[in-house]
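This report covers internal cavities, a few selected residues and the pairing of one strand. The sequence and structure come first, and the description follows.

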Amino acid sequence: MTKTDTVADPGLMARLAVNVRGAGPQAMMFAHGFGCDQAMWRYVAPAFERDHRVVLFDYVGAGASDLAAYDAEKYGSLAGYANDVVALARALDIRGGTFVGHSVSAMIGVLAANLAPELFANLVLVGPSPRYVDDGAYVGGFTAEQIEELLDFLDSNHMGWSQTMAPVIMGNADRPELGEELINSFCRTDPEIARHFARTTFLSDNREDLARVHARVLILQCRNDLIAPVSVGEFVHRQIRGSEFVLLDAVGHCPNLSAPAETIAAIRAFV
């Protein structure tokens with residue numbers, strides 16, 4: 001059920017399929033990654049409803065959001081998504097809250113926090129990557145050629161890309177149901193929007209934005225993560241002064257699904 005008693009812009013709430021639960025003194029906003037929606041937090045977010053106002057939403061183009069509101073120009077950079085996060089936080093009168101961002105949402109959260117520092121006192125970055133493409137001494141995990149091959153594959157065969165990549169991204173080959181869930185999530189995404197968001201995500205470079213973060217930051221990194229290797233999480237840790245780095249026992253790129261209890265414990269210890 002969508003809560004509207006503190007909403008200043010009902011249109012924004014509908015556009016982003018916003019759900020607010022809990023009644024704690026501080027807000028905690030959960031943001032999903034590429035090809036996903038707010039359901040990916042269903043094992044984690046409820047654990048914080050007792051002592052937080054938990055905010056869940058879908059980016060425009062994902063889940064139950066208003067697909068008609070998708071603007072390729074606006075969402076051609078992560079700043080477009082960050083602006084939506086800022087607008088949502090202001091509409092819900094969030095001050096000094098906690099933003100929990102998975103995958104590409106980690107950098108969207110960094111941008112939002114830099115745009116409006118008063119909104120989020122804490123950032124939890126789950127599997128962050130400020131740049132996926134290797135660049136000189138920086139190792140993002142992919143060569144430029146690999147990223148182009150990945151994007152070309154998605155452009156030519158959305159379904160095949162989803163079926164091939166989702167299990168690899170998820171990891172946990174001994175739990176195929178997790179990969180199957182990610183396949184289904186990818187396949188539910190409008191192919192044109194998925195292709196555009198993929199290019200926005202995998203060609204982004206937010207390394208210079210890290211040093212401007214003044215919020216408290218927790219970096220949660222998984223082992224054997226194809227999308228965001230440990231070295232990338234360590235880079236983010238070095239660039240954000242005073243940040244905390246936790247290497248989870250979880251493997252793959254989606255600990256919110258594969259290891260929710262460990263993810264909850266790490267976040268709770270931080271906030």
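In this predicted model, the largest cavity holds about 130 Å³ of space. Its lining is made up of 14 residues, and those closest to its centre are Phe34, Ser103, Ile169, Phe186 and His253. Two elements give two or more residues to this lining: helix H6 (176-188) and helix H7 (191-202). By type, the lining residues of the largest cavity divide into nine nonpolar, five polar and no charged.

How many cavities of 30 Å³ or more does a search of the whole structure find? The search finds two. The second largest contains about 60 Å³ of space. It is lined by 14 residues, with Gly35, Gly61, Ala62, Thr189 and Phe197 lying nearest its centre. H7 provides the largest share of this lining, namely three residues. The lining of the second largest cavity consists of nine nonpolar residues, five polar residues and no charged ones.

**Selected residues**

The table lists the relative accessibility of several residues discussed below.

| Residue | Relative accessibility | Class |
|---|---|---|
| Ser185 | 3% | buried |
| Ser243 | 8% | buried |
| Tyr138 | 8% | buried |
| Asn172 | 14% | buried |
| Ala39 | 35% | partly exposed |
| Asn224 | 69% | exposed |

Ser185 belongs to helix H6, an element that also contributes to the lining of the largest cavity. With residues up to four places away in sequence set aside, Ser185 touches Gly35, Cys36, Asp37 and Met40. Of these contacts, Gly35 is also among the residues nearest the centre of the second largest cavity. Ser185 counts as buried because its relative accessibility is 3%, and the cut-off for buried is under 20%.

Ser243 sits in the loop between helix H9 (230-239) and strand E7 (244-251). Which side chain makes a polar contact with the side chain of Ser243? The partner is His237, at 2.8 Å. Beyond its neighbours within four places in sequence, Ser243 is in contact with Val217, Ile219, Val236 and His237. His237 therefore appears both as a contact of Ser243 and as its polar partner, and Ser243 is buried at 8% relative accessibility.

Tyr138 is found in the loop between strand E5 (120-126) and helix H4 (144-156). Is Tyr138 buried or exposed? Its relative accessible area is 8%, so Tyr138 is buried. Its contacts, not counting residues up to four places away in sequence, are Ser129, Pro130, Arg131, Val133, Arg207, Val232 and Phe235. The C-alpha atoms of Tyr138 and Pro176 are separated by 33 Å, while the two residues are 38 apart along the chain.

Two asparagines have a positive phi. Asn172, in the loop between helix H5 (158-170) and H6, has a phi of about 55° although it is not a glycine. Asn224 has a positive phi near 55° and is placed in the loop between strand E6 (216-223) and H9. Asn172 is buried, with a relative accessibility of 14%, whereas Asn224 is exposed at 69%.

**Strand E2 and the loop after it**

Strand E2 (26-31) and strand E3 (52-56) are joined by a loop that holds Ala39. Ala39 counts as partly exposed because its relative accessibility is 35%. From the C-alpha atom of Ala39 to that of Leu92 the separation is 20 Å, with their positions 53 residues apart along the chain.

Why is E2 described as largely enclosed by the rest of the structure? Five of its six residues are buried, which is the reason for that description. E2 pairs with E3 in the parallel sense over five bridges, and Met29 has Val55 of E3 as its bridge partner. E2 also runs parallel to strand E4 (residues 97-102), to which four bridges join it. There, the bridge partner of Met28 is Thr98. In a regular strand, side chains alternate between the two faces of the sheet.

Definitions and conventions
Residues are numbered from 1 along each chain as its sequence is written. This is a predicted model: local features need pLDDT of at least 70, side-chain atom pairs count only at pLDDT 80 or more; totals for chains, interfaces and linings use all residues. Side-chain values use heavy atoms; hydrogens and water are left out. On a 1 Å grid over the protein atoms alone, a cavity is a set of points where a 1.4 Å probe fits but cannot get out, and a pocket is an open set with protein on both sides within 12 Å along at least five of seven lines; lining residues have an atom within 4 Å of a point. Grid points are joined across faces, edges and corners, and a volume is the space filled by probe spheres set on the points. Ala, Val, Leu, Ile, Met, Phe, Trp, Tyr, Cys and Pro count as nonpolar, Asp, Glu, Lys and Arg as charged, and the others, Gly among them, as polar. Buried means under 20% relative accessible area, exposed over 50%, partly exposed in between (1.4 Å probe, protein chains only). A polar contact is a pair of N or O atoms within 3.5 Å; within protein, one must be able to donate a hydrogen and the other to accept it, and residues adjacent in sequence count only if both atoms are side-chain atoms. Contact means heavy atoms within 4.5 Å. Two strands pair if DSSP finds at least two bridges between them.
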